[in-house]
Amino acid sequence: MANFKDTVKQTWNKVDSWLEKTFKLNENKTNVKTEVIAGLTTFMAMVYILMVNAGMFSDLGAFGNAGVTSGQLYNGVYIATAISAVIGTVLIGLLAKLPLAQASGMGLNAFFVYTVCGFGMANGMTYANALIFILLDGIIFLLLTVTGLRKTIFNAIPDSVKVAIPAGIGLFIAFIGLQNAGVVVLNDSTKVALVSMNLLNGGLSTLVTAFNVFATFAGVIAIAVLSKKGVKGAVLWGILGTTVLYYVVAGLGALAGSSTFKAFFAGITFDNPFTAFGDFFKVSFFKVFTEGFDFSAYLNGSYVAGFTEAGEVIPGVAHSVADMILLILTGAFAFCMVDMFDTMGTLYGACARGNLLDENGNVPNVEKAMLADAVATCVGAVCGTSTVTTFVESSAGIAEGGKTGLTSIVTGILFFFAMFLTPIAKLIPTYATASALIYIGVLMMNCVTKIDWLEPTKAVPAFATIAMTVMTYSISNGIGIGLISYVLIQVFTGKFMKNEDGSVNKADIVTAVIAGLFLLMFVLTH
């Protein structure tokens, strides 16, 4: 027994030594325990992407144009999403040593499914065809990264926009959390509104809704109280506590006859994970090469464009080669612009929140972080999923004290195991992770104190960045509109290419070019 203990101790000492040498834990004033908790927190905050992304792609099987069923696409894309998340997250941890995680980006996946493929491939562009766009996106980013152009572009973002990015992201992820929890809902007159909790008119279903809202904000309050008391892992404990509360009440509700809670428990299943792997190799993996370059359905109109109310098939429409080239160019351009600035914005915002910026206010190892993103996007295309990007939910782990790439390694390992437990995300209710997202939104708002709100030339671009990030549901849109407003104000006030000390600001030229590209993207692809 003594020998076994000595062996374990020696092994751990070697591991501990490697971790210290690789991630410099002491230098960064952190430890293994803190990094593990941070990695687990990030994973729990973003594991929803496995199910959400797979569910979105499964819509492509609805018309039968993909040649596979919705269920097969769900399984295939679930595994593809997990694999690309593992590779991207581990790479950013090992190369850039940053506590960030990557996966198929929300918004980009919707653009892939509902615009490029036209929902169920109603425009004839197949799932495999659209993967070419993602592969081009990744290759272009690899070239921009290795040549240093991507860093140059990032440095061209003016301070008035850059300082506002974390606040925009904070409100954005809080808004996502409120939507995921059903607290904020769509409304015909005001577009969005607080969900109805009128117990006098709604009966049991409204009582369930009220509890969901209560559970979400109970989690937020719990995290805030634990954080104030200095409890380590406050966000993680808040997620776990809200989960336990939800299961207890949901169990009682199911016993009382609530159909909502019964459906929640019925949705928790544990299928054979190898079924998902089988579908992955059948319908997703390498399809970009084996079927991606076959545009015959798009060109000759041999696809299903929809169905009439009577259930009759609406035939597809033939397209010209010129139409195909225009779609490929505009689609690839849109993916590149959105991915680039989503990633740049998230890198800066998350690192700013965790005080991880270097002495010059820049993201450390930014080239290596972007390289990890580009490689992961290429891998995602080969595996069969949309553009991989850095996730804003990484801020949840950073809020738990994650400071090094070890946080990312832990998150990546958990994504690996998630491949073998396909429905694992269902075990954590959305109300629990929503609490974490809302609280992280609070933490990321502190940067607004650095904005000179009394100086219009700085206040307007900053406000545009924050507001449009939230109101258009896109980090890149916020940055783009912020940059456009900055350039216009600089030009019309006579300050374009001029620093405050009178010297020439050549960076404004790059900024203007980027703003022009954003404007081009808006008018061609939106």
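**Exercise 1. Determine how many aromatic pairs the structure holds and classify those that involve Phe420 with Phe277 and with Phe416.**

Solution. The count comes to 21 aromatic pairs, where rings of Phe, Tyr and Trp (its six-membered ring) pair if their centres lie within 6.5 Å, and planes under 30 degrees apart count as stacked, over 60 as edge-to-face and the rest as tilted. For Phe277 and Phe420, the ring centres are 5.3 Å apart and the planes stand at 35°, so this pair is tilted. The pair links distant parts of the chain, 143 residues apart: Phe277 belongs to helix 13 (residues 273–284), and Phe420 to the loop between helix 19 (405–418) and helix 20 (430–443). Helices here are DSSP runs (H or I, at least four residues), numbered from the N terminus. For Phe416 and Phe420, the centres are 5.4 Å apart with planes at 65°, so this pair is edge-to-face. Phe274, Phe277, Phe416, Phe417 and Phe420 form one aromatic cluster.

The model is predicted: local features need pLDDT of at least 70, side-chain atom pairs count only at pLDDT 80 or more, and totals for chains, interfaces and linings use all residues. Residues are numbered from 1 along each chain as its sequence is written, and side-chain values use heavy atoms, with hydrogens and water left out.

**Exercise 2. State whether Phe277, Phe420 and Phe416 are buried or exposed.**

Solution. Buried means under 20% relative accessible area, exposed over 50%, and partly exposed in between (1.4 Å probe, protein chains only). Phe277, at 16%, is buried. Phe420, at 32%, is partly exposed, and Phe416, at 38%, is also partly exposed.

**Exercise 3. Find the salt bridges and describe the exposure of the partners.**

Solution. The criterion is a side-chain nitrogen of Lys or Arg within 4 Å of a carboxyl oxygen of Asp or Glu. A search of the whole structure returns one salt bridge. Its partners are Glu291 and Lys287, with an N to O distance of 3.0 Å. Glu291 is partly exposed at 38% relative accessible area, whereas Lys287 is buried at 15%.

**Exercise 4. Compare the span of helix 2 with its expected value and assess its burial.**

Solution. The expected span is 1.5 Å times one less than the number of residues. Helix 2 (residues 32–46) has 15 residues and reaches 21 Å from its first C-alpha to its last, close to the expected 21 Å. Of its 15 residues, 12 are buried, so helix 2 is largely enclosed by the rest of the structure. The buried residues include Val32, Ile37, Phe43 and Met46.

Notes: Helices (H or I, at least four residues) and strands (E, at least two) are DSSP runs, numbered from the N terminus.
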